[in-house]
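Colleague: Could you take me through the nonpolar interior of this model, with its aromatic contacts, in one connected account? I would like to see how the packing is put together before I look at anything else.

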Amino acid sequence: MAGLLYKDFVSVSGKKIVTILTFLTILFIALRMAFPGTADHAIFLVESEEGEIINVLDTFFVAGAYLFLVSVCLLLNGWVGKIVEGDDKNKVRGYLRALPLEKNAYIASKYVFIGICAYVFMSIAFSWGVAANALCREGILSEVLSMLNALVPSVIYVVLLSAAIELPLFLTMGKGRAMLIKTAIWLVIAFLAIGFLFFGDLVWIEQHLNISVFLKWYQNHLFAVSLLNILFPVITLLLYYLSYRISCHFADREL
């Protein structure tokens with residue numbers, strides 16, 4: 001199993017990614033310490049539309065934390081196909097059949113690898129949110145960061161659920177056909193989104209899709225969010241294991 005995990009680690013340029021993430025995290029924390037939002041530098045203080053005094057520097061760190069979370073989610077989602085693609089190209093599956101590995105060890109390694117990466121990315125994303133909020137001026141931006149930290153696990157678990165859907169496709173069909181299905185699904189979603197922009201209620205979007213509305217919703221549903229953070233991991237792991245069993249059942253003839 002360790003050898004299979006290391007193979008996947010190499011296939012996604014793991015050492016390079018670790019170096020980049022470590023550098024960016026250290027840089028982010030160092031910049032947060034060098035430019036604290038709690039410092040009363042008049043040049044950086046502005047008044048918001050709600051009459052609240054905010055530090056402009058805090059907005060950059062809030063944006064940085066959110067962008068990092070989105071970036072690692074996209075990266076993790078892209079790895080689902082990448083760790084299977086390399087095996088298809090290099091005919092690794094046929095080679096693995098000749099090795100004294102336990103049955104389904106190859107499939108299990110894919111699920112374990114994505115699971116480990118999801119946990120690591122979740123931890124790093126959470127550390128970015130904590131670092132940004134530690135020296136943030138009290139007010140709406142600090143509340144936004146608190147909301148981000150609370151929702152980080154749920155966002156990562158959504159990506160893990162996506163992997164649970166995609167892995168059986170990639171393992172049983174190969175990347176080519178699986179990507180066709182994935183692309184078709186995203187095209188349908190894109191067409192629906194475009195159709196809504198052309199024919200939907202844009203006033204509703206303007207009124208509801210903004211930070212203030214999300215923050216108010218979060219503050220009014222703290223119990224629901226807490227319950228989600230408790231139940232969502234359990235549900236996700238159960239579905240993730242079910243996906244693994246499905247992959248083992250349908251991919252048995254291919255491995």
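Modeller: What follows is a walk through the core, then its aromatic pairs, and then a patch on the surface.

The model is a predicted one, and the values below are computed from it. Its largest nonpolar core has 58 residues, and those with the most contacts inside it are L76, W79, F113 and I114. Helices α2 (14–34), α3 (56–90), α5 (105–134), α6 (140–199), α8 (211–220) and α9 each supply at least two residues of this core, while α6 gives the most to it, with 17 residues.

I114 shows what such packing looks like at one position: leaving aside residues up to four places away in sequence, I114 touches L76, W79, V80, I83, L160, A163 and Y240. Two of the residues with the most contacts inside the core, W79 and F113, also face one another as rings. The structure holds ten aromatic pairs, and the one formed by W79 and F113 is tilted, with 6.2 Å centre to centre and 35° between the planes. This pair links distant parts of the chain, since W79 belongs to helix α3 and F113 to helix α5, 34 residues apart, and both W79 and F113 are buried.

A second pair, Y111 with Y244, is edge-to-face, at 5.7 Å centre to centre and 75° between the planes. Because Y111 lies in helix α5 and Y244 in helix α9, this pair ties together parts that are 133 residues apart in sequence. Y111 is buried at a relative accessible area of 4%, and Y244, at 16%, is also buried because the limit for that class is under 20%. Elsewhere, F28, F61, F68 and W128 form one aromatic cluster.

L145, found in helix α6, offers another buried position, with 0% relative accessibility. Not counting residues up to four places away in sequence, L145 touches V62, A65, G129, A132, N133 and C136, and its C-alpha atom is separated by 7.9 Å from that of V130, 15 residues apart along the chain.

In soluble globular proteins, nonpolar side chains tend to be buried together. On the surface, however, there is a nonpolar patch of about 900 Å², made by F223, L227, I230, L231, I235, L239, L242, I246 and F250. One of these residues, I235, lies in helix α9 (residues 222–251) and is partly exposed, with a relative accessible area of 44%.

Methods:
Residues are numbered from 1 along each chain as its sequence is written. This is a predicted model: local features need pLDDT of at least 70, side-chain atom pairs count only at pLDDT 80 or more; totals for chains, interfaces and linings use all residues. Side-chain values use heavy atoms; hydrogens and water are left out. Patches are made of residues with over 30% relative accessible area and no salt bridge: like charges are joined within 9 Å, nonpolar side chains (Val, Leu, Ile, Met, Phe, Trp, Tyr) within 5 Å. Accessible areas come from the Shrake-Rupley method with a 1.4 Å probe; for residues, only the protein chains shown count as cover. A salt bridge is a side-chain nitrogen of Lys or Arg within 4 Å of a carboxyl oxygen of Asp or Glu. Helices (H or I, at least four residues) and strands (E, at least two) are DSSP runs, numbered from the N terminus. Buried means under 20% relative accessible area, exposed over 50%, partly exposed in between (1.4 Å probe, protein chains only). A nonpolar core is a set of buried Ala, Val, Leu, Ile, Met, Phe, Trp, Tyr and Cys residues joined through side-chain atoms within 4.5 Å. Contact means heavy atoms within 4.5 Å. Rings of Phe, Tyr and Trp (its six-membered ring) pair if their centres lie within 6.5 Å; planes under 30 degrees apart count as stacked, over 60 as edge-to-face and the rest as tilted.
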